[in-house]
Amino acid sequence: LKDLATNFVTPTTLDSGNKFALFASKKKISVRPRFSPDASLRGALSWAIVVEDCSTNQQLEAFIAISSDTLVIIRDNTHRDILFITACKSILGWSATHNSIRIFYHQGECVIVHSKDWEADDMAEISAQI
């Protein structure tokens with residue numbers, strides 16, 4: 001043992017913190033969710049828009065409404081038909097220009113919206129809310 005201790009010992013230590021973590025006492029760290037004032041409010045912000053229907057090559061007048069958890073596009077007619085609805089967490093991203101926004105969702109599908117009065121301020125507000 002004396003020969004082993006003098007000739008084969010190094011000052012390097014072994015890190016065994018992760019291997020035996022089951023037996024170590026864990027400190028519970030409580031994580032408070034970040035307060036978002038928009039999440040505690042009910043309702044949605046809405047704008048008048050024109051949405052492109054690429055399958056029929058038409059432009060439909062509609063309203064876009066964005067709440068804390070949902071994005072909805074409702075057709076501007078007497079029945080208020082829902083054209084598009086998705087959870088905000090399924091929105092992958094968007095590409096905004098001065099008068100239109102392409103909203104990418106789910107697996108890369110896209111919906112294109114334009115401002116009804118071609119107002120650049122509306123597009124900036126919509127992209128900020130998304």
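The legends below describe close-up views of a predicted model.

**View 1. Overall arrangement of the predicted protein, with three helices and seven strands.** Read along the sequence, the secondary structure follows the order α-α-β-β-β-β-β-β-β-α. Of the 130 residues in the protein, 24% are buried. Among contacts in the protein with a separation of 6 or more, 30% are between residues that lie 24 or more positions apart.

**View 2. The largest nonpolar core, a set of 18 residues.** Within this core, the residues with the most contacts are Ile49, Val51, Ile64, Leu71, Ile73 and Ile126. The elements that give two or more residues to the core are the strands β1 (45-53), β2 (58-66), β3 (70-75), β6 (100-105) and β7 (109-115), together with the helix α3 (120-129). Strand β2 gives the most, with four residues. In soluble globular proteins, nonpolar side chains tend to be buried together.

**View 3. Ile126 and the residues it touches in the largest nonpolar core.** Ile126 is one of the residues with the most contacts inside this core. When residues up to four places away in sequence are not counted, Ile126 touches Trp47, Ile49, Ile64, Ile66 and Ile101. Two of these partners, Ile49 and Ile64, are themselves listed among the core residues with the most contacts.

**View 4. Thr86 in strand β4, which spans residues 82-87.** Thr86 counts as buried because its relative accessibility is 12%, and the limit for a buried residue is under 20%. The side chain of Thr86 is joined to that of Ser90 by a polar contact of 2.5 Å. Leaving aside residues up to four places away in sequence, Thr86 touches Asp69, Thr70, Leu71 and Ile91. Of these, Leu71 also belongs to the group with the most contacts inside the largest nonpolar core.

**View 5. The second largest pocket, with a volume of about 150 Å³.** The residues that line this pocket are Val51, Glu52, Asp53, Cys54, Leu60, Ile73, Leu83, Phe84, Cys110, Val111 and Ile112. Strands β1, β4 and β7 each supply at least two residues of the lining. By class, the lining has nine nonpolar residues, two charged residues and no polar ones. Val51 and Ile73, which are found in this lining, are also among the residues with the most contacts inside the largest nonpolar core.

**View 6. Gln58 in strand β2.** Gln58 counts as partly exposed because its relative accessibility is 43%, a value that falls between the limits of under 20% for buried and over 50% for exposed. Not counting residues up to four places away in sequence, Gln58 touches Val51, Glu52 and Asp53. These three partners also appear in the lining of the second largest pocket.

**View 7. Arg80 and His106, two loop residues with positive phi.** Arg80, in the loop between β3 and β4, has a positive phi of about 55 degrees although it is not a glycine. With a relative accessibility of 44%, Arg80 counts as partly exposed. His106 is placed in the loop between β6 and β7, and its phi is near 50 degrees, again a positive value in a residue other than glycine. His106 is exposed because its relative accessible area is 51%, where the limit for an exposed residue is over 50%.

Note on methods: Residues are numbered from 1 along each chain as its sequence is written. This is a predicted model: local features need pLDDT of at least 70, side-chain atom pairs count only at pLDDT 80 or more; totals for chains, interfaces and linings use all residues. Side-chain values use heavy atoms; hydrogens and water are left out. A nonpolar core is a set of buried Ala, Val, Leu, Ile, Met, Phe, Trp, Tyr and Cys residues joined through side-chain atoms within 4.5 Å. Buried means under 20% relative accessible area, exposed over 50%, partly exposed in between (1.4 Å probe, protein chains only). Contact means heavy atoms within 4.5 Å. A polar contact is a pair of N or O atoms within 3.5 Å; within protein, one must be able to donate a hydrogen and the other to accept it, and residues adjacent in sequence count only if both atoms are side-chain atoms. On a 1 Å grid over the protein atoms alone, a cavity is a set of points where a 1.4 Å probe fits but cannot get out, and a pocket is an open set with protein on both sides within 12 Å along at least five of seven lines; lining residues have an atom within 4 Å of a point. Grid points are joined across faces, edges and corners, and a volume is the space filled by probe spheres set on the points. Ala, Val, Leu, Ile, Met, Phe, Trp, Tyr, Cys and Pro count as nonpolar, Asp, Glu, Lys and Arg as charged, and the others, Gly among them, as polar.
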